[in-house]
Amino acid sequence: MQAERLQKILSRAGITSRRKAEKLILQGRVSVNGEIIRELGAKAVLGKDDICVNGKAIKAETEKVIVALFKPRSYVTTLDDPQGRPTVVDLLKGISERVYPVGRLDYDAEGLLLMTNDGELAHRLQHPRYKVPKTYLVKVRGHPPEEALAQLQQGINLEDGITAPAELHILEDDKKATWLTLTLREGRNHQVKRMCAAVGCPVLRLRRTQIGPIDLGNLQPGKSRRLKASEVRALRKAVGLDG
Ligand code: URA
């Protein structure tokens with residue numbers, strides 16, 4: 001068996017994403033054969049070495065599961081909320097595996113959230129290198145002028161750098177607001193809200209409708225479903241895993 005980096009082992013075993021696994025290591029919460037490891041380069045062999053997180057031994061998760069959830073507004077995208085607000089985990093019915101949210105939707109945002117115990121897949125879906133498109137249905141205050149629409153599509157200088165090219169379609173507008181779809185290939189925190197605010201049109205409603213090949217479809221708010229085998233294949237292909 002081949003030695004692998006600890007963060008890779010932890011994410012593959014379904015413990016958490018690779019990025020979060022790195023944090024666990026740096027925080028001194030991971031041990032190998034009884035010794036706390038704090039370096040990100042450290043390697044081990046799952047099944048041979050005794051690898052523990054918070055003192056608890058990990059074992060390889062056999063079955064990988066991917067769940068699509070329609071996150072309603074007023075739910076937090078974490079496993080546990082210190083403020084006691086309802087979390088997306090409260091909505092999962094009939095899923096016995098420990099699955100983790102892939103990225104985040106804001107408390108007041110709604111729509112498609114994927115949850116999985118496949119750390120590598122989760123990592124790739126979020127990493128800008130894999131450019132997985134995420135589409136949002138957005139209601140903004142007012143009517144963005146042509147120049148603002150062009151800026152949203154071409155790139156906006158936010159405090160963490162210029163945004164990558166995005167696709168935008170205007171759906172409809174009324175007296176006070178405009179509905180549009182925005183497709184991004186990166187996933188920074190509050191990105192849609194920050195982009196729209198930067199062109200003077202704050203977001204009033206935000207719903208994610210698509211992640212790569214997976215569509216919200218007619219899933220109802222608060223409901224979840226396991227992805228079909230064909231969807232899993234398409235999703236894995238979209239991030240360069242399998243074929
Ligand atoms: N962009 C945002 O501003 N919020 C989200 O929840 C997702 C994308």
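Helices (DSSP runs of H or I, at least four residues) and strands (DSSP runs of E, at least two residues) are numbered from the N terminus. The model is predicted, and local features therein need pLDDT of at least 70, side-chain atom pairs count only at pLDDT 80 or more, and totals for chains, interfaces and linings use all residues. Residues are numbered from 1 along each chain as its sequence is written, and side-chain values use heavy atoms, with hydrogens and water left out.

**Exercise 1. Locate H190, describe its backbone, and state whether it is buried, partly exposed or exposed.**

Step 1. H190 sits in the loop between β14 and α5, and its phi is positive, about 50°, although H190 is not a glycine.

Step 2. Accessibility is classed as buried under 20% relative accessible area, exposed over 50%, and partly exposed in between, with a 1.4 Å probe and protein chains only. H190 is partly exposed because its relative accessible area is 37%.

**Exercise 2. Describe the shell around the ligand, its polar contacts and the domains that supply it.**

Step 1. A residue counts as near a molecule or strand if one of its heavy atoms lies within 4 Å of it. The residues surrounding the ligand are L105, D106, A109, Y136, H190, Q191, V192, K193 and L206.

Step 2. The classes are nonpolar (Ala, Val, Leu, Ile, Met, Phe, Trp, Tyr, Cys and Pro), charged (Asp, Glu, Lys and Arg) and polar (the others, Gly among them). By these classes the shell around the ligand holds 5 nonpolar, 2 polar and 2 charged residues.

Step 3. A polar contact is a pair of N or O atoms within 3.5 Å; within protein, one must be able to donate a hydrogen and the other to accept it, and residues adjacent in sequence count only if both atoms are side-chain atoms. An oxygen atom of the ligand lies 2.7 Å from a backbone N or O atom of D106, an oxygen atom of the ligand is 3.2 Å from a polar backbone atom of H190, and a nitrogen atom of the ligand lies 3.1 Å from a backbone N or O atom of V192. Of the 240 Å² that the ligand exposes when taken alone, the protein buries 96%, areas being computed by the Shrake-Rupley method with a 1.4 Å probe and, for residues, with only the protein chains shown as cover.

Step 4. Helix α5 (residues 191-198) gives the most to this shell, with 3 residues. Domain bounds come from an automatic or database domain assignment, and the shell draws at least three residues from each of domain 2 (66-128 + 213-238) and domain 3 (133-211).

**Exercise 3. Identify the buried residues of α5 and the elements against which they pack.**

Step 1. The buried residues of α5 are Q191, V192, R194, M195 and C196.

Step 2. These buried residues pack against β10, α4 (146-154), β11 (157-158), β14 (177-184) and β15 (203-211); contact here means heavy atoms within 4.5 Å.

Step 3. After α5 comes G200, with a positive phi near 80°.

**Exercise 4. Follow the chain from N117 into α3, and determine how far α3 is covered.**

Step 1. N117 lies in the loop between β9 (110-116) and α3 (119-126). N117 counts as buried because its relative accessibility is 1%, and a polar atom of its side chain lies 2.8 Å from the backbone nitrogen of V65.

Step 2. D118 caps the N-terminal end of α3, with a side-chain oxygen 3.3 Å from the backbone nitrogen of E120.

Step 3. In α3, 7 of the 8 residues are buried, namely G119, E120, L121, A122, H123, R124 and L125. The cover over these buried residues includes α1 (6-12), α2 (18-26), β7 (66-71), β9, β10 (134-141) and α6 (229-238).

**Exercise 5. Contrast T77 and T78 in accessibility and in contacts.**

Step 1. T77 is in the loop between β7 and β8 (100-101), and T78 is found in the loop between β7 and β8.

Step 2. T77 is buried because its relative accessible area is 8%, whereas T78 is partly exposed because its relative accessible area is 32%.

Step 3. The side chain of T77 reaches the backbone oxygen of L105 at 2.8 Å, while the side chain of T78 reaches the backbone oxygen of D80 at 3.4 Å.

Step 4. Not counting residues up to four places away in sequence, T77 touches K71, V88, P101, G103, R104, L105 and L113, and with that exclusion T78 touches T87, V88 and V89.
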